[in-house]
Structures are given as C-alpha cells and as structure tokens.
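Here's my note on the model you sent over. Have it open on your screen while you read.

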Amino acid sequence: MTRVVPPNWSRLLLGLALIWPVLGVMAQPLAGQTAEGTVITNTATVSFTDANTNTYANVQASVNVTVGFQAGIDVTAGAATANPASPSSDNDLTFDIDNIGNGVDSVTVASNITDTNVITNVRYIVGASTYNTLGDLNDALAAQGIAAGGTLTLTVRYNVGSGQGGNPSTLTITATSRRDNGESANDNTVVTPPLSGTISVTPDGGQGVTRLPSNGTQY
C-alpha cells in the first residue's frame, strides 16, 4: 500500500511569506513617475508536489496597490535679465509653470518686486485673458487644471517708471500646488533699465557779443 504524505503547510506558508515581498518590490516602476490612480497588481503563485510526487493545484493570491498623488511644481523664467527703457510701457516677461507631479493639479501664484519704482502697473496674462490683480489671476487659475507633464505659461506685463535708468529690480514668480501646499517653486528675472542721458551746452549771454576795450574791467 502506498502511503500518501500530506504537504507540509507550514513550509508552504513560509515560502509564500518569503516570495510575497519580493514580488511586491519587483512590481514597482523602475524609473519615472507612475500616474495617479494606476493600479499595480502583485500576484504570488505557488505550485508544489509532496514527497510521493503527487502534484497539487496551484495556490495563488493577489493584492492591488493604487498609486496615490505626488505633487511636483517647477517654475522657469523666460529670461534671466531684461533691459526695457525708462520710461516705457507694456513690457512682457514670461514664466513657465510645469506640473512635474503624477496627476492633474492647479496652482496659486504669488509675485514679489524688489523695487516698485522700476516695475509698475503689473498685469498678468494667461492665454487670451488679462488679469489686473493677483486675486483675479488666482480665482481664474483655481478652475484651470494642469495635466501631469503639462505647462501653464504666465505672461507678466508691466511698465517702467521715469528716471530709473541703471536701477535694478527683481521680479519673482512663485507657484504653489493647490493639492499640496507644501510643494512650490519660483524663478525670477532682473529688470534693469539702461542708463542714458544727453548734454546741452549753451553760451552764456548768447552769441556774437561785442565789447569795448575793458580799461582794466574784466568782462
């Protein structure tokens, strides 16, 4: 009579415990961002025979992992420096706001100007729309999502005050993720109107003055 030896379940469960975390690690992406909402399925399958070479049905179990949201913001100024005339109006600076996170996001924007005598009358343009205040701009941006890997281009339009030649002023734009307020980035452009001037020389008293002999008086 052939004696059937049942499988060693404790050994089998130990094998599953050892296999499971390895499979979980291997299922993760090796590089790059995985899109928010992606479902990653980890599956362990075990086939075995007993000491009498009896084959048993495969044992399989799975677990699903849904990728969460990871914010990422980057800001790039279109130019490091700008040299508009003083005075001048309707000068433009561009800033690209990139969503480098793994899901759709939107941003709030803040700006800082180090010398408001140089940079004046600031407006903000996105697409075909112009906003006269940061409040108006951010109200509009609240409804404007940026896809993962997408870019929002912000144009800052400004004037330069009179008599500001040679005076630098730095304009900094900061963008912050609305879904994760701890994620933000900024970049800046230094605006320096060129220094220029003119000199006029006019003879005192006009031209062609005729004098009699001075007799010692100094004209």
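Below are some numbered points, going from the whole chain down to single residues.

1. First, the caveat: this is a predicted model. Everything below is computed from predicted coordinates, so please read the distances and angles in that light.

2. The overall picture. The protein has 2 helices and 11 strands. In sequence order the elements run α-β-β-β-β-β-β-β-β-α-β-β-β. So one helix opens the pattern, and the other sits between a run of strands and the last three.

3. Burial and surface. Of the 219 residues in the protein, 30% are buried. The accessible surface comes to about 13,500 Å², and carbon and sulfur atoms own 51% of that.

4. Contacts along the chain. Take the contacts with a separation of 6 or more: 72% of them join residues 24 or more positions apart. Two such pairs turn up in points 9 and 10.

5. The four-stranded sheet. Which strands make it up, and in what order? It is an open sheet with the order 4-11-10-6, and its pairing is mixed. Strand 4 (81-82) and strand 6 (107-113) are at the edges; each has a single partner strand, so one side of each has no neighbour in the sheet.

6. Strand 10 is worth a look of its own. On one side, strand 10 (residues 169-177) runs antiparallel to strand 6, with 7 bridges joining the two; Val107 has Ser177 as its bridge partner there. Strand 10 also pairs with strand 11 (residues 184-191), again in the antiparallel sense, over 8 bridges. In that pairing Thr170 stands opposite Val190. Strands 10 and 11 form a hairpin, with 6 residues between them. Strand 10 is mostly covered, too: 8 of its 9 residues are buried.

7. Thr172 as an example. This residue belongs to strand 10. Is Thr172 buried or exposed? Its relative accessible area is 16%, and the cut-off for buried is under 20%, so Thr172 counts as buried. Leaving aside residues up to four places away in sequence, Thr172 touches Ala110, Ser111 and Asn112, along with Asn186, Asp187 and Asn188. Ala110, Ser111 and Asn112 fall within strand 6 (107-113), and Asn186, Asp187 and Asn188 within strand 11 (residues 184-191).

8. The five-stranded sheet and helix 2. The order here is 3-5-9-7-8, in an open sheet with antiparallel pairing. Strand 3 (73-77) and strand 8 stand at its edges with a single partner strand each, so one side of each is left without a neighbour in the sheet. From one strand to the next, the twist averages 30°. Strand 3 pairs with strand 5 (residues 88-99) over 5 bridges, and Thr76 has Asp96 as its bridge partner. Helix 2 packs on this sheet, touching strand 7, strand 8 and strand 9, and its direction makes about 10° with that of strand 7. Which residues of helix 2 (residues 134-141) are buried? They are Leu137, Asn138 and Leu141. Seen down the helix axis, these buried residues fall within an arc of 95°, so they line one face of helix 2. They pack against strand 7 (119-126), strand 8 (129-131) and strand 9 (151-160), and also against strand 6, which belongs to the four-stranded sheet.

9. Asn121 in strand 7. Asn121 lies in strand 7 and is partly exposed, with a relative accessible area of 47%. Its C-alpha is 8.1 Å from that of Arg157, although the two are 36 residues apart in sequence. Not counting residues up to four places away, Asn121 touches Arg157, Tyr158 and Asn159.

10. Val65 in strand 2. Val65 is found in strand 2 (residues 55-66). With a relative accessible area of 35%, Val65 is partly exposed. Thr38 is 27 residues away along the chain, yet the two C-alpha atoms are separated by 8.2 Å. Beyond residues up to four places away in sequence, Val65 touches Thr38, Val39, Ile40 and Asn42.

Technical notes: Residues numbered from 1 in each chain as written. Predicted model: local features only at pLDDT ≥ 70, side-chain atom pairs only at ≥ 80, totals over all residues. Heavy atoms only, no water. Buried < 20%, exposed > 50% of the residue type's maximum accessible area, 1.4 Å probe, protein only. Contact = heavy atoms within 4.5 Å. Areas by Shrake-Rupley, 256 points an atom, 1.4 Å probe, with all protein chains shown as cover. Pairing = 2+ DSSP bridges. Arc of directions from axis to C-beta. Axes fitted to C-alpha atoms, helices over the stretch in contact; angles between N-to-C directions.
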